[in-house]
Amino acid sequence: LAGMDVKKIGTRNTPEFKVINGTDHGSVVLTVKARKGSTYKWQYNADPTGNGAWTEAGSGNVHTKTISGLTPGINWFRVIFTDGNGEHVQAPVSFAVN
């Protein structure tokens with residue numbers, strides 16, 4: 001076996017934070033990997049560059065959030081979670097809202 005390179009095949013990398021279209025026009029569902037004892041703050045930004053002000057869409061201890069009433073087009077979404085080690089900001093995700 002000397003000199004052989006052994007690799008795992010078929011391993012999937014599940015994203016920490018994802019955005020999908022909701023069931024209604026102009027809605028999205030945000031999901032982040034659940035963290036025990038965390039509080040989540042959900043935000044979005046309609047600026048296509050992602051540099052504008054963040055709008056708070058809600059907070060709580062549930063790791064999934066539906067946001068409705070969005071204007072179709074590119075939006076940026078992020079979640080900030082707070083746990084015993086402080087506040088952690090997930091990298092923003094851009095998504096085309098239908």
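In this predicted model, lysine 65 touches Val28, Val29, Leu30, Trp42, Ala57 and Gly58, when residues up to four places away in sequence are not counted. Lysine 65 belongs to strand β5, and its bridge partner is leucine 30. With a relative accessible area of 25%, lysine 65 is partly exposed, because that value lies above the 20% under which a residue counts as buried. Its C-alpha atom lies 9.8 Å from that of valine 79, a residue 14 positions away in sequence.

The contacts of lysine 65 with Val28, Val29 and Leu30 lead to strand β2, which comprises residues 28-32. Strands β2 and β5 run antiparallel and are joined by four bridges. In addition to the partnership of leucine 30 with lysine 65, valine 28 has isoleucine 67 of β5 as its bridge partner. Strand β2 is mostly covered, four of its five residues being buried.

Strand β2 also pairs with β1, again in the antiparallel sense, over five bridges. Here valine 28 is the bridge partner of asparagine 21, and isoleucine 20 stands opposite valine 29. Six residues lie between the two strands of this hairpin, in which glycine 26 adopts a positive phi near 80°. The three strands thus described form an open antiparallel sheet in the order β1-β2-β5. Its edge strands are β1 and β5 (64-67), each of which pairs on one side only. From one strand to the next, the twist averages 20°. In a regular strand, side chains alternate between the two faces of the sheet.

Valine 28 also shows how this sheet connects to other parts of the chain. Leaving aside neighbours within four places in sequence, valine 28 is in contact with Val19, Ile20, Asn21, Gly22, Lys65, Thr66, Ile67, Leu70, Phe77, Phe95 and Val97. Several of these names recur in the account of the interior. The largest nonpolar core has 14 residues, of which Phe17, Val19, Val28, Leu30, Trp42 and Phe77 touch the most other members. The elements giving two or more residues to this core are β1, β2, β3, β6 and β8 (93-97).

Two of those core residues, Phe17 and Trp42, also take part in the aromatic arrangement of the model. A search of the whole structure finds two aromatic pairs. Phenylalanine 17 and tryptophan 42 form a tilted pair, with 6.4 Å from centre to centre and 35° between the planes. This pair links distant parts of the chain, as phenylalanine 17 is in strand β1 (residues 17-21) and tryptophan 42 is in strand β3 (residues 39-45), 25 residues apart. Phenylalanine 17 is buried, because its relative accessible area of 8% falls under the 20% limit. Tryptophan 42 likewise counts as buried, because its relative accessibility is 2%. Ring pairs join Phe17, Tyr40 and Trp42 into a cluster. Trp42 is, moreover, one of the residues touched by lysine 65.

Strand β6 (residues 73-83) contains threonine 82. Threonine 82 is partly exposed, because its relative accessible area of 34% lies between the limits of 20% and 50%. When residues up to four places away in sequence are not counted, threonine 82 touches Gly37, Ser38, Thr39 and Glu87. Threonine 82 and arginine 35 are 47 residues apart in sequence, and their C-alpha atoms are 9.5 Å apart in space.

These local arrangements can be set against the chain as a whole. The protein chain contains zero helices and eight strands, and along the sequence its pattern reads β-β-β-β-β-β-β-β. Among its contacts with a separation of 6 or more, 49% are made by residues 24 or more positions apart; the pairing of phenylalanine 17 with tryptophan 42, 25 residues apart, spans such a distance in sequence. Of the 98 residues, 26% count as buried. The chain exposes about 6,600 Å², of which carbon and sulfur atoms supply 51%.

Notes
Residues are numbered from 1 along each chain as its sequence is written. This is a predicted model: local features need pLDDT of at least 70, side-chain atom pairs count only at pLDDT 80 or more; totals for chains, interfaces and linings use all residues. Side-chain values use heavy atoms; hydrogens and water are left out. Buried means under 20% relative accessible area, exposed over 50%, partly exposed in between (1.4 Å probe, protein chains only). Contact means heavy atoms within 4.5 Å. Accessible areas come from the Shrake-Rupley method with a 1.4 Å probe; for residues, only the protein chains shown count as cover. Rings of Phe, Tyr and Trp (its six-membered ring) pair if their centres lie within 6.5 Å; planes under 30 degrees apart count as stacked, over 60 as edge-to-face and the rest as tilted. Two strands pair if DSSP finds at least two bridges between them. Axes are lines fitted to C-alpha atoms, for helices over the stretch in contact, and angles run from 0 to 180 degrees between N-to-C directions. A nonpolar core is a set of buried Ala, Val, Leu, Ile, Met, Phe, Trp, Tyr and Cys residues joined through side-chain atoms within 4.5 Å.
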